[in-house]
Amino acid sequence: MDIRTFRARTLNDALRQVRQQLGDDAKVLHTRIKNSGLVARVIWGQHVEVAATVGEKPSAPVSTEIEFDYRQQYRDQLTEMVDSPTDLDDLFTAHSAAREPSGLPEQLFQVFADLIEADVDESVARRIVSDLSTNDSGTRPHELLVDYLLDSVTTTGPLAVGRGRPRVAALVGPTGVGKTTTIAKLAANYRLRENRRVGLITVDTFRVAAVEQLRTYADIIDLPMEVVSTPTELCDAIESMQHLDLILMDTAGRSPRDVVRIHELRRMLEAAKADDVLLVLSTTASARSLGATCREFAPVGTTAVVLTKLDEAMSLGHLLGVLEESKLPICYLTNGQNVPDDIAVADGESFVRRMLGSSHNVATA
């Protein structure tokens, strides 16, 4: 049996080498992520090894000398960082077991590889592949994956603006995520394209530049605007805009860890009786940061998310775990600074395919 080992920085790259050199009939015997620990990754760099053959896949695991084992080469150096050689073996074994899905059909293995390449958290990717493996409908795994993700990624559609009373929508979130620009895009679209009566209120009195920026947009679009700093002033401003269809509120950026400011924001939103509290998240932030933001802003009554800076994001897969944990639907997507163009109502299927990458016929926002 002709067994070959392929090495690359990512699993997809290694599998691409397998197909190029061994053809579509190649069988993957096993994979291994080398230097996956923090120390080893910093010193030597992480890469993936895939052992494959063009023959029939054996029933028992293959053990060959072609595997380049970093355990032996760097054992002396790594042993100094742990208590004993036994601990080192346990570390390698536990990490390998945690990362390597075994016994998967080739197509499901490719699904796992695609999820990892899309920057989906590994534990989420393993759970998804495990769930898909129980489906015996005969549907292609990648189609099953899209359907599966559509159940996890929900959308709200646009802000439902009616007649009779104004709909109040507040945008909240950390500093620098694009709240003010997003409000300007929404205001311009509802006023100029849908001919709705729109008013702007800002409670972002912490940044003079933000107030002036929103006022500039209000003057250009010819919209009424109020600047408030207390719940009483906010109620008065909303009362003065009862003849409008939509009131958009800009709020000051707050650190998710600032409990006092989050409480103040909650009091303002309760006074406004906001119909929608849209949490604005930058897609360039890490999954850990986004998860913390969702949790810390939950007490203010967030109802949906607006995802910004899609044009700057290297990948979107890290959002999957965040959306599942927060259970917040997506309302809008933005992908640039142009007002009013660079915004779109979130479409679940387009977003999922974009998140998975070009192999799934991406539709851009």
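**Stop 1: α8 against α15.** Select L145, V146, L149 and L150 in α8, then G348, E349, V352, R353, M355 and L356 in α15; these two sets meet. Keep in mind that you are looking at a predicted model. Now draw the two helix axes. Those of α8 and α15 come within 10 Å and cross at roughly 120°. The pair α8 and α15 therefore counts as oblique. The crossing of α8 and α15 is right-handed.

**Stop 2: L149.** Stay on α8 and centre on L149. Which residues does L149 touch, leaving out those up to four places away in sequence? They are I128, L320, V352, M355 and L356. V352, M355 and L356 belong to the α15 side of the contact you have just seen. L320 sits in helix α14. L149 is also one of the residues that touch the most other members of the largest nonpolar core.

**Stop 3: the cores.** Colour the other residues in that group: L115, I128, I201, L307, I330 and F351. The core they belong to has 59 residues. Next, pick out V177, L200, L246 and C331. They are among the 27 residues of a second, separate core. As background, nonpolar side chains tend to be buried together in soluble globular proteins.

**Stop 4: α7 against α8.** Go back to α8 and add α7. The axes of α7 and α8 come within 11 Å, crossing at roughly 115°. This crossing, too, is right-handed. On the α7 side, select R127, I128, D131 and L132; on the α8 side, P141, L144, L145, Y148 and L149. L145 and L149 of α8 appear here and also in the contact with α15.

**Stop 5: α14.** Select residues 319-326, which form helix α14. Which of its residues are buried? L319, L320, V322, L323 and E324 are. Note the glutamate in that list: E324 is buried along with the others. Now show what the buried residues of α14 pack against. The helices are α7 (122-133), α8 (141-152), α13 (287-297) and α15 (348-356). The strands are β9 (304-308) and β10 (330-334).

**Stop 6: K327.** Step just past the end of α14 to K327. K327 lies in the loop that leads from α14 to β10. Check its backbone: phi is positive, about 60°, although K327 is not a glycine. Is K327 buried or exposed? With a relative accessibility of 68%, K327 counts as exposed.

**Stop 7: K309 and P340.** Two more backbone features are worth selecting. K309 is in the loop between β9 and α14. K309 also has a positive phi of about 60° without being a glycine. Then move to P340, in the loop between β10 and β11 (343-345). The peptide bond from V339 to P340 is cis, with omega near 5°.

**Stop 8: α11 against α12.** Select residues 231-240 for α11 and residues 259-272 for α12. Their axes are 9 Å apart, and the helices pack at an angle of about 30°. Hence α11 and α12 are roughly parallel. The crossing of α11 and α12 is right-handed. From α11, show P231, L234, C235 and I238; from α12, show R267, M268, A271 and A272. These are the residues through which the two helices meet.

**Stop 9: V211.** Select V211 in helix α10 (residues 208-221). V211 counts as buried, at 9% relative accessibility. Beyond its neighbours within four places in sequence, V211 is in contact with T202, D204, M225 and V227. Now measure to T180. T180 is 31 residues from V211 along the chain, and their C-alpha atoms are separated by 8.9 Å.

**Stop 10: E49.** Finish the local stops at E49, in strand β3 (residues 47-53). E49 counts as buried, with a relative accessibility of 3%. Add R7. The C-alpha atoms of E49 and R7 are 4.6 Å apart, across 42 residues of sequence.

**Stop 11: the whole chain.** Zoom out. The chain has 15 helices and 11 strands. Of its 365 residues, 46% count as buried. Among contacts with a separation of 6 or more, 72% link residues 24 or more positions apart. Switch on the surface: the chain exposes about 18,300 Å², with 47% of that supplied by carbon and sulfur atoms.

Definitions and conventions. Residues numbered from 1 in each chain as written. Predicted model: local features only at pLDDT ≥ 70, side-chain atom pairs only at ≥ 80, totals over all residues. Heavy atoms only, no water. Buried < 20%, exposed > 50% of the residue type's maximum accessible area, 1.4 Å probe, protein only. Helix = DSSP H or I, 4+ residues; strand = E, 2+ residues; numbered from the N terminus. Contact = heavy atoms within 4.5 Å. Core = buried A, V, L, I, M, F, W, Y, C linked by side-chain atoms within 4.5 Å. Areas by Shrake-Rupley, 256 points an atom, 1.4 Å probe, with all protein chains shown as cover. Axes fitted to C-alpha atoms, helices over the stretch in contact; angles between N-to-C directions. Parallel < 35°, antiparallel > 145°, perpendicular 65-115°, else oblique. Left-handed = near helix turned anticlockwise from the far one by under 90°.
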